[in-house]
Amino acid sequence: MSLAERFLVIRRDPHSEEVLALGGDQEAHSILQRTGFVHVHRRHESYHRVPTGLAEDEETRLATDAVARLRAVGYPVHCSPDFDTDSLRSHYEPVGSSVAHLAERIRQATTTDEVAGILVELTAPADGILDAVEEVLGAAAEFHDGLGAAQDQHTAARLRHLSEEYLPAIRADLGHTRSDLADRHAPHPGRSVCPQEVPDDEHERSAVCACPPAPRALPVPPPPAAGRIRR
């Protein structure tokens with residue numbers, strides 16, 4: 001990601017008076033949304049704005065907080081003077097990063113058993129990730145049930161539809177995949193158990209991989225010469 005793609009502008013639009021955040025990559029967008037900004041995606045543009053209905057001082061507080069959080073992790077941010085700050089807010093580790101760590105473990109796995117053990121974290125009944133997602137969708141639906149407006153009932157029904165129609169299919173397919181891998185007990189043919197690389201904490205430049213070398217194949221002897229036929 002180039003520096004230009006990481007650059008952000010947070011300012012109050014002179015025409016709409018909205019506080020807008022422009023630019024940045026996906027990580028920056030995650031920080032903006034966790035700070036409270038709303039993502040707006042249109043056909044020819046994408047940006048973030050503060051939620052509607054906020055008082056001006058609350059908009060300023062939210063924008064200043066976003067500037068501090070973005071700069072704390074190295075993003076160059078140009079902002080209106082009202083939002084500028086020398087404060088650097090710590091960026092907490094998001095919950096999604098612990099789930100994404102499973103992907104890295106799969107990328108490093110060398111056997112079907114390893115990947116089966118990782119996928120069960122998604123498919124396990126009662127305490128798997130997919131069950132947790134189902135609980136979150138159900139809680140969000142219940143929350144909308146109590147809001148009272150007609151569109152809230154539609155949102156609640158949509159959330160339950162996602163939970164009841166899509167999650168079971170994902171859970172079933174992943175469960176089948178996990179079971180198939182668990183029964184195979186096979187190494188991945190394209191991955192070596194040892195990457196044959198020197199560890200990052202090794203200080204000696206001349207160090208080499210400590211794993212024993214793979215056995216050398218014995219040379220195949222040439223076929224015996226055919227005997228000469230006596231005449």
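This section describes strand pairing, salt bridges and a surface charge patch in a predicted model.

Strand β4 (residues 46-49) pairs with two other strands. It runs antiparallel to strand β3 (residues 38-41), to which it is joined by four bridges, and the connection from β3 to β4 is a hairpin through four residues. Within this pairing, V40 stands opposite Y47 of β4. Strand β2 (residues 19-23) is likewise antiparallel to β4, with two bridges between them; here L20 has R49 in β4 as its bridge partner.

The salt bridges number 12. One of them links D13 to R11, with the closest N and O atoms 3.5 Å apart. D13 counts as buried because its relative accessibility, 13%, falls under 20%, whereas R11, at 27%, is partly exposed.

Two further salt bridges lie within helices. In helix α4, R107 and E104 are three residues apart, about one turn of the helix, and their closest N and O atoms are 3.7 Å apart. R107 is exposed, with a relative accessible area of 55%, while E104 is partly exposed at 34%. In helix α7 (residues 150-184), D180 and R184 are four residues apart, again about one turn, and their side chains meet in a salt bridge of 3.8 Å, N to O. D180 is partly exposed at 38% relative accessibility, and R184 is exposed at 52%. In addition, D131, E134 and R171 are linked in a network of salt bridges.

A patch of negative charge on the surface gathers E17, E56, D57 and D82. D82 belongs to the loop between β5 (77-79) and α4 (95-108); its relative accessible area is 57%, so D82 is exposed.

Technical notes:
Residues are numbered from 1 along each chain as its sequence is written. This is a predicted model: local features need pLDDT of at least 70, side-chain atom pairs count only at pLDDT 80 or more; totals for chains, interfaces and linings use all residues. Side-chain values use heavy atoms; hydrogens and water are left out. Two strands pair if DSSP finds at least two bridges between them. Patches are made of residues with over 30% relative accessible area and no salt bridge: like charges are joined within 9 Å, nonpolar side chains (Val, Leu, Ile, Met, Phe, Trp, Tyr) within 5 Å. Accessible areas come from the Shrake-Rupley method with a 1.4 Å probe; for residues, only the protein chains shown count as cover. A salt bridge is a side-chain nitrogen of Lys or Arg within 4 Å of a carboxyl oxygen of Asp or Glu. Lys and Arg count as positive and Asp and Glu as negative; His and the chain ends are not counted. The place of a charge is taken as NZ of Lys, CZ of Arg, CG of Asp or CD of Glu. Buried means under 20% relative accessible area, exposed over 50%, partly exposed in between (1.4 Å probe, protein chains only).
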